[in-house]
Amino acid sequence: MDRTDWFLAYITFLLAVITLETVSNATNELFREIGVGASIVVIYFLPLYLLGHVLMNRSDD
């Protein structure tokens with residue numbers, strides 16, 4: 001994949017959000033909403049993107 005670096009950076013960001021959420025009791029609501037928004041993007045849009053990527057590469061062959 002040509003976007004591996006972006007995916008790894010996004011996964012690292014999500015791991016940082018999860019770690020901070022579990023370790024810190026003083027996390028504010030805005031940070032939680034940012035983490036939830038990023039998680040929703042991964043859960044719903046990333047599989048659709050990957051499916052589209054596979055179909056487009058398949059049609060090129």
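1. Where does Arg3 lie relative to H1? Arg3 is in the segment before that helix. Bear in mind as you read on that this is a predicted model. Arg3 counts as partly exposed, because its relative accessibility is 37%, and partly exposed covers the range between the 20% and 50% cut-offs. Arg3 also has a sequence-distant partner to look at: Val54 is 51 residues away along the chain, yet the two C-alpha atoms are 13 Å apart in space.

2. On to helix H2, which takes in residues 29-60, 32 residues in total. From first C-alpha to last, H2 reaches 45 Å, close to the 46 Å you'd expect at 1.5 Å a residue. Still, have a look at Phe45, where H2 bends by about 40°. A proline, Pro47, follows within four residues of that bend.

3. What does H2 pack against? The buried residues of H2 pack against helix H1, residues 4-23. Gly35, Ala38 and His53 are buried in H2.

4. Now for two H2 residues that are exposed. Tyr44 is found in helix H2 and counts as exposed because its relative accessibility is 54%, with the cut-off for exposed being over 50%. The C-alpha atoms of Tyr44 and Ile11 are separated by 15 Å, with their positions 33 residues apart along the chain. Ser59 lies in H2 as well, and Ser59 is exposed because its relative accessible area is 57%, again set against a cut-off of over 50%. If you want a distance within the chain for Ser59, try Ile34: the two are 25 residues apart in sequence, and 36 Å separates their C-alpha atoms.

5. Next, the largest pocket, in case you're thinking about cavities for a probe or a ligand set-up. About 160 Å³ of space lies in it. Which elements give two or more residues to its lining? H1 and H2 do, and H1 gives the most, with 5 residues.

6. Who lines that pocket? The lining is made up of Trp6, Phe7, Tyr10, Ile11, Leu14, Val41, Val42, Phe45 and Leu46. By class, that comes to 9 nonpolar residues, with no polar and no charged ones. Two names here turn up in earlier points: Phe45 is where H2 bends by about 40°, and Ile11 is the residue whose C-alpha atom is 15 Å from that of Tyr44.

Note on methods
Residues are numbered from 1 along each chain as its sequence is written. This is a predicted model: local features need pLDDT of at least 70, side-chain atom pairs count only at pLDDT 80 or more; totals for chains, interfaces and linings use all residues. Side-chain values use heavy atoms; hydrogens and water are left out. The expected span of a helix is 1.5 Å times one less than its number of residues. The bend at a residue is the angle between axes fitted to the seven residues ending there and the seven starting there. Buried means under 20% relative accessible area, exposed over 50%, partly exposed in between (1.4 Å probe, protein chains only). Contact means heavy atoms within 4.5 Å. On a 1 Å grid over the protein atoms alone, a cavity is a set of points where a 1.4 Å probe fits but cannot get out, and a pocket is an open set with protein on both sides within 12 Å along at least five of seven lines; lining residues have an atom within 4 Å of a point. Grid points are joined across faces, edges and corners, and a volume is the space filled by probe spheres set on the points. Ala, Val, Leu, Ile, Met, Phe, Trp, Tyr, Cys and Pro count as nonpolar, Asp, Glu, Lys and Arg as charged, and the others, Gly among them, as polar.
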